[in-house]
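Work through the following exercises on a ligand and its surroundings. Each task is followed by a stepwise solution.

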Amino acid sequence: MYPIHLGIIGAGTVGGGLLQALARNGSLMASRLGVEFIVTRVAVRNSNKARLGSVPVDRITTDWREVVNDPDVQVVVELIGGTTTAREIVLTALRLGKPVITANKALLSAHGPELFAAAAKHGTNLYYEASVAGGIPIIKILRESFAGNRILSIHGIVNGTCNYILTRMKLEGAVFADVLADAQRMGYAEAEPSLDIDGHDAAHKTGILASLAHGRWVRPEQIHTEGIRHLSKLDIEFASQLGYTIKLLGVVKLLNSTKKARPAELKGRVQSARPQVAVQVSVYPALVPNSHVLASVNFAFNAISVRGDVVGETLFYGRGAGQDPTASSVLSDLADAALDLKHGSTQRVPPFVPHATQCSVVPLAEVISRYYLRLSVADRPGVLAKIASVLGKARIGISSVIQPEGHEGEVVPLILMIHDATNAAMQTALARIARLSVVKAPPVMIRVEAFS
Ligand code: HSE
């Protein structure tokens, strides 16, 4: 049995889950892998935590440096979250040549290239399966299983908290704030709830997926990000009547791919041209047709649909948040790290390999979508004609119009489904519509996702 000494930093939801999972399945992993995991040091903020289980007191510290610098510790597991101390921990460990496992999507999003460069420079590895979609092994799928595919699109429900809120709003007519409090109690939500509900957590994860798929690092500021704070019960109900479910989606779409010839190729000597790609990378709430499988992914479950040019459409589903699913992905990284150490192959599958010469993220303004539009309008003749005229002048087509019955009074809802238009054209038209005297509240626009 090959011993692997672990240093674990953080014993919160995920760290506590990892300690429990190791206690439950450590011997199973030992029999499968021929390695024995030994929890050698654990750093915590508060050493009284019940989550520490059977870890002996003399192995517990409140100073992460004691873990990273302990000569016995071979693998460092960073589970504290945040981007400042976590970055220092990961860099310090990598510089010592120690492999690091992290579940920290915010850290990777902000500092990925620096961390991967440090891993390569010091001949070690950074493992991050738990950073995206909890228990779903999507990193391994994109990095290893789909190594032979050009990734055409990724559509992901990657934030469990938002999916939980939207599901309960749809199924129970629940109120946003109450449901958010429940998600926090159940350990899905981030410590800072705006990371979830304003779409930033989903953007961190979507950026990681886009970077893996297209081989250049996508920075968070390149990702158009909208959350779910502005969604109302009314929109969820109207969408449902029209045959759609509103989901917060991370969307990565290959819009264009060209091969760039390098000078040597022009002389006919090198055949392998690397691609230049243009991609859409965005996070927004969208109407998903009920016929699409993502529409039925409920509560804190995540699901990611990946379309590759060889494999076609695939779907990966599972728990995207919470103690055990995230611990499961950390265990998978532990297995990889242990086998890599055992066989001395620390860069067997490098954590991230740039492979496109350039990956330009196309501004959402230039991307074509369909739209759901809800207007609050004066209930009198001629209103529809005024709105249609603005859209007509912008050469934006209407595919259907509904004025739902049962809304009486001076101001009534008017729902328009809009044909393909660029986001820029739609925003300009919306600004004009908002200025019409017959429009009594800011228009609500939600994209309708096309999956083909
Ligand atoms: N807050 C995250 C979510 C946790 O709700 O999905 C998992 O990253």
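**Exercise 1.** Determine which helices each supply at least two residues of the shell around the ligand.

*Solution.* In this predicted model, the helices that meet this condition are α6 (160-172) and α9 (200-214). Next, sort the shell by class: 4 residues are nonpolar, 4 are polar and 5 are charged. Then list the residues that come nearest: of the 13 around the ligand, these are K105, G160, T161, Y188 and E190.

**Exercise 2.** Find the polar atoms of G160, T161 and Y188 that face the ligand, giving the distances, and state how much of the ligand the protein covers.

*Solution.* Start with the ligand's oxygen atoms. One oxygen atom lies 2.7 Å from a polar backbone atom of G160. For T161, the partner is an N or O atom of the side chain, 2.6 Å from an oxygen atom of the ligand. Now take nitrogen: a nitrogen atom of the ligand is 2.7 Å from a polar backbone atom of Y188. On its own the ligand has 260 Å² of accessible area, and the protein covers 92% of that. As for location, the ligand sits in the largest pocket.

**Exercise 3.** Place T357 in the chain, classify its exposure, and compare its separation from H214 in sequence and in space.

*Solution.* T357 belongs to the loop between α12 (323-342) and β13 (358-361). Its relative accessibility is 26%. The partly exposed class runs between 20% and 50%, so T357 counts as partly exposed. Finally, T357 and H214 are 143 residues apart in sequence, while their C-alpha atoms are 9.8 Å apart in space.

Note on methods. Residues are numbered from 1 along each chain as its sequence is written. This is a predicted model: local features need pLDDT of at least 70, side-chain atom pairs count only at pLDDT 80 or more; totals for chains, interfaces and linings use all residues. Side-chain values use heavy atoms; hydrogens and water are left out. A polar contact is a pair of N or O atoms within 3.5 Å; within protein, one must be able to donate a hydrogen and the other to accept it, and residues adjacent in sequence count only if both atoms are side-chain atoms. Accessible areas come from the Shrake-Rupley method with a 1.4 Å probe; for residues, only the protein chains shown count as cover. On a 1 Å grid over the protein atoms alone, a cavity is a set of points where a 1.4 Å probe fits but cannot get out, and a pocket is an open set with protein on both sides within 12 Å along at least five of seven lines; lining residues have an atom within 4 Å of a point. A molecule sits in a cavity or pocket if more than half of its atoms lie within 2 Å of its grid points. Helices (H or I, at least four residues) and strands (E, at least two) are DSSP runs, numbered from the N terminus. Ala, Val, Leu, Ile, Met, Phe, Trp, Tyr, Cys and Pro count as nonpolar, Asp, Glu, Lys and Arg as charged, and the others, Gly among them, as polar. Buried means under 20% relative accessible area, exposed over 50%, partly exposed in between (1.4 Å probe, protein chains only).
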